[in-house]
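Please open the model in your viewer and keep the sequence panel beside it. The tour below goes from the whole chain to a single side chain, saying at each stop what to select.

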Amino acid sequence: MENKVVYDTKQVAELLDVASSTVRKYCDYLEKSGYDFHKNEHGHRGFFDHDVIVFRKLIEYKRAMSLEKATNAVMAWEKGNDIAPPDTPNPHH
């Protein structure tokens, strides 16, 4: 079995160049949408490389939409339904 690197919140924050509180906020949004993070016996989150990729995707989507919509887009992407942010303005305006 292959060993996986487990990062803590501070390490993920450094990898993403954001504050630890931002990582925790992103976790809350993702968990409310059904994303599962690894937790140890004390309930502390541990992050794998795939989780870091998910955070990067969330940050990418967040540039074009609200955090809530970006979270929904990431969850769709995670389930294999890649949704890109809209390239054109909403025609109903």
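**From the whole chain to one threonine**

Begin with the whole protein, which is a predicted model: among contacts between residues at least 6 apart in sequence, 49% join residues at least 24 apart. Colour by secondary structure next, and you will find four helices and two strands, running α-α-β-β-α-α from the N terminus on. If you then switch on the surface, its accessible area comes to about 6600 Å², of which 47% belongs to carbon and sulfur atoms, while buried residues make up 30% of the 93 residues.

Now select helix 4, residues 67–78, whose end C-alpha atoms are 16 Å apart, in agreement with the 16 Å that its 12 residues should span at 1.5 Å a residue. Show the side chains of L67, A70, T71, A73, V74, M75 and A76, which are the buried residues of this helix, and then add helix 2 (20–32) and helix 3 (49–62), both of which are included in what covers them. Just after helix 4, pause at G80, which takes a positive phi of about 95°.

Finally, centre the view on T71, which is found in helix 4 and counts as buried because its relative accessibility is 1%, under the 20% cut-off. Which residues are in contact with T71, leaving aside its neighbours within four places in sequence? Select Y29, L30, S33 and L58 to display these contacts. Within helix 4, look also towards L67, whose backbone oxygen lies 2.7 Å from a polar atom of the T71 side chain.

Note on methods
Residues are numbered from 1 along each chain as its sequence is written. This is a predicted model: local features need pLDDT of at least 70, side-chain atom pairs count only at pLDDT 80 or more; totals for chains, interfaces and linings use all residues. Side-chain values use heavy atoms; hydrogens and water are left out. The expected span of a helix is 1.5 Å times one less than its number of residues. Buried means under 20% relative accessible area, exposed over 50%, partly exposed in between (1.4 Å probe, protein chains only). Contact means heavy atoms within 4.5 Å. Accessible areas come from the Shrake-Rupley method with a 1.4 Å probe; for residues, only the protein chains shown count as cover. A polar contact is a pair of N or O atoms within 3.5 Å; within protein, one must be able to donate a hydrogen and the other to accept it, and residues adjacent in sequence count only if both atoms are side-chain atoms.
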